[in-house]
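Dear colleague,

I am handing over the structure below, and I would be grateful if you kept it open beside this message while you read. My notes on what was found in it follow directly after.

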Amino acid sequence: MHLIDGGSEPELRLALRQAVVAIEGLGGMVHLAGSGEPQLRLASALDVPLDVLEEWRTADRAGGTAPASALRDGTAVWLPSTDPRAGFLPLGTGMVAVPLTASERRVGTLSVITTAPDPPSRAEQDFLRAIARGVSAWWRRGVLPGHDGRRTAPSVLQQVAPAAGVGVWDWDVRSGEVTGDEALLVLLDIDPKTFDGRMGSWAAAIHPDDLPQVMADIAGAFVTRRSYTAEFRLRRRDDEVRWVQMHGWVAGDDHELTHVGGTVWDNTELGNRAESAARTLRHMADGFVTADPDWTITSVNTQAERLFEPARTLLGRPLWEQSAMRSTGLETRCRRAMAQGAPAEFDVQWPTDQRWYRIRLTPSPHGPVLHFADITDRHLSDAERTDTGQIAAERAAQLGRLTTALARAVTVRDVVDAIAAELRPLFGAVGLMVQFLEGDLLRLAETVGYPPEFVDRVRGARASFPAPNREALQRRTPVYLTSRQDFVRRYPDAADHAFRSEKHAWVFLPLIASGRPIGCCVISFAESRRFTEEEQTLLTAVSGLMAQALERARLYDEEHRRATELQRGLLPRELPVLPTATTAARYLPTGSGVGGDWYDVIALSADRVAFIIGDVMGHGLPEAATMGRLRTAVHTLTSLELSPDELLAQLNDLVSDLGDDFYATCLYVLYDPVTRVCTMARAGHAPPALLLPDGRVRFPDLPANPPLGAATPPVETGHVDVPDGTVLVLYTDGLVESASRDIDGGMKQLAAVLAASHHAGPSAMAGSVDQLCDMLVSTLWPGQAASSDDAAVLVAQTGGLPSGAAVSWELPEGPVAAGEAREHVRRQLDTWHLDDLVMTTELIASELVGNGIRHARGPLGLRLQRGRVLTCEVSDHSLTTPRVRRALDTDEGGRGLQLVAALSQRWGTRYTVDGKCIWTEQALPPDHDAARHLPTSESMR
């Protein structure tokens, strides 16, 4: 900052700072017009390059420059540097000026050098006028600065700031009281009648996501004892979010900091946060230069322009054409650092201003980034000051890293890990414990650095027990214990903890969030030690950051636990035990919430099995609920014995009815153990992987139908022969696809894992689809625990029914069919040694055949199948669905299906290509040796 003449007044400094920041200017100036003087005289300047400053010490009132025109016309005037009237300005810039008034006459101008090729927007010009009115309001109550030496005007904190829409605040660190003017309370949307003067009430208006960084900036000011600037969001009572910018400072003596204060102004009109970040970088006190790999300059900020020349002449030129860079001898060292690909730092005395700068070069894929930090004061100080400054800088950096880590932490474990990694080294601590207050109990959440037996003792401590954590929570202030003797003296009833914890000094920090205590954080040390005032101030500041992060993480953990329990409750609790397939499945939840991946295994009639897997697109409770609805619908539709294509068509209608925002993928596989054929239909889903008994892995070429919710009937199906011992792997895309791996690459890796499992030998596969599931997960899922997509995998090893387990006959037309059906039943059950089932099965077959003769058409068929149950099927060429009806006492018929339902465990109807079949199931006798007729472990490999 360059201030001259009467410009030492803080009012002008604040006005210029607000003006320059508001329109992203290069610098600003205030000119005054003395009575009868032909020249405008420079009264104050901020961030104006020295060569420009010399040219603008005076300006002709009758000239055409922006300040002179604004003074004469009484309005805002902007002129680009290319305009002959503009006066001396850096190329590619411009100047906007607004008049200043006192006693109804124009007495000067406020000007800003702009960096944009276009004039300031109307909103920016209005803001400059507001600043000018604020300065004018101050002058109306006093005397123009620099005219007669008097200083009777009120303070800037009372006059200029409110007039310019700037709020002012002051925090008395010793008493904890915060004071603010009317403009501040209006900006924060705080009712003056209810404001209690506490920091927490003010902080509550700050957006929760920005609060940690704001507190870190304030805490950093404590460490460095320097002013600070922050940009953050305010959340008003009507839920409106406003961007504000704050500039603050600290005050006190060499031993104690007593006050923190600052100014805050609305910054919403200047753009979103990304623009704000770019604006901050452009106007930082440090210089930044970026170049492409050929060292051609691609961007510079304002400070870098001061070190070199205006951006308009710099951009697109080689960095080493700059005489300043050549004279410092940096080219060789910078090129070496880029070749090594590692950051490097160099201390250089700059030739133009003879100041010392630390130049940090950071290689990037797009070229080098150079950061110029002014270290003149540090370079010229003695060794002690250097060491102190380095310690303070390191602490500020660690505090910044802690703030960043806390902001990124999601779970309570993440928060504790962040505190352990960043806060413990900051103070040399060895132990960390976090306890949550639940009623009268302090529930232990996480610990680091404590012996297990001690952790067990304090796991459920009562908050009413006389101990330091109780005092910290009651008083809402930290408790510092410098030694074991100090612990025993102050808390004799809890002295046992001091020795069992194997620690020698402690800090008990109360965790206060949203104005209420939520728990306690205990930081412990291996040796006795005292805590300086600076350390106590820092610990108090960071305790608020930790409390906010822990409260947010605890709510997340609880919500995630409930959501995960909900989703797991919607998935099968256990898979059915089947005679013709061995199955296993895994669900892999995402770390960011619930998803819509699901699977199921459903046993059908005639020992057929349906394998289903699907994925509802998106994440969250609505998607999990949709997944549950789809799974329920699949169970209902399979009970109707629908074919795979008809079932997916029905599911498509269901998803379409949910709205345009819902889509899902699904793969339906129907396995028949008699024919050894899988009928498959997929809607937007990846095909299954088949590991054949000979070790080959293939992905069947199935018709690709659109996802559910976007499909249109008919749905195409495919048929695949699966020899006994074939392994089917159904999966969702989350298992094989990630940010670093496309789905094709993931499917190739899946095939490689399956082939490797076969080459490992029969012992690796014998009876263990569970092991194969674990192998797939451990190979394909590691490193995706933080994935944004969940995953599911279902593995099934098939085995068909043995030869002779199913026998069928075609029956003649007419009444003789019933007698012939009974004869077939008697002979076959005698062959199977199922004499106990002959009578009931004869009766069932006779009733079903009679029903077919009476109500159906075409030749009838009879089939008996022995698997886990005895299945009896009668088929015909009619599509009429039989149904049970209640027969009256006078009716001579209508009781056949009632009899069938009474004699069988369950019965139903299945539609075939040319008609339908009615099937029944009966339990086999307990002493019947069905195992020898079912697939063995050898046939299942």
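A good place to begin is P707, which lies in the loop between β29 (697-698) and β30 (718-721). Please keep in mind throughout that this is a predicted model. With a relative accessibility of 23%, P707 counts as partly exposed. If you look for C666, you will find that P707 and C666 are 41 residues apart in sequence, while their C-alpha atoms are 7.4 Å apart in space.

Next, the cysteines. How many disulfides does the structure hold? The count is 0, and C521 serves as an example of how a cysteine can fail the test. The closest cysteine sulfur to that of C521 belongs to C520 and is 7.1 Å away, which is too far for a bond, because a disulfide needs two cysteine sulfur atoms within 2.5 Å. C521 counts as buried, at 0% relative accessibility, and C678 likewise counts as buried at 0%.

The charged residues give more to look at, since the count of salt bridges comes to 33. I describe some of them here.

- D417 forms a salt bridge with R413, and their closest N and O atoms are 2.9 Å apart. Both residues sit in helix α16 (residues 412-427), and because they are 4 residues apart there, about one helical turn separates them. D417 is partly exposed at 38% relative accessibility, and R413 is partly exposed at 28%.
- D486 forms a salt bridge with R489, with the closest N and O atoms 2.7 Å apart. In helix α19 (residues 484-490) these two are 3 residues apart, so about one helical turn lies between them. Here D486 counts as buried, at 9% relative accessibility, whereas R489 counts as exposed, at 61%.
- E240 forms a salt bridge with R242, the closest N and O atoms being 3.3 Å apart, and E240 is partly exposed at 32% relative accessibility.

Salt bridges can also be joined to one another: D607, R868, R906 and E921 are linked in a network of them.

Finally, please look at the surface, where D830, D835, D836 and D927 form a negative patch. One of these residues, D927, is placed in the segment after β37 (915-922). Is D927 buried or exposed? D927 is exposed, with a relative accessible area of 69%.

With best wishes

Definitions and conventions:
Residues are numbered from 1 along each chain as its sequence is written. This is a predicted model: local features need pLDDT of at least 70, side-chain atom pairs count only at pLDDT 80 or more; totals for chains, interfaces and linings use all residues. Side-chain values use heavy atoms; hydrogens and water are left out. Patches are made of residues with over 30% relative accessible area and no salt bridge: like charges are joined within 9 Å, nonpolar side chains (Val, Leu, Ile, Met, Phe, Trp, Tyr) within 5 Å. Accessible areas come from the Shrake-Rupley method with a 1.4 Å probe; for residues, only the protein chains shown count as cover. A salt bridge is a side-chain nitrogen of Lys or Arg within 4 Å of a carboxyl oxygen of Asp or Glu. Lys and Arg count as positive and Asp and Glu as negative; His and the chain ends are not counted. The place of a charge is taken as NZ of Lys, CZ of Arg, CG of Asp or CD of Glu. Buried means under 20% relative accessible area, exposed over 50%, partly exposed in between (1.4 Å probe, protein chains only).
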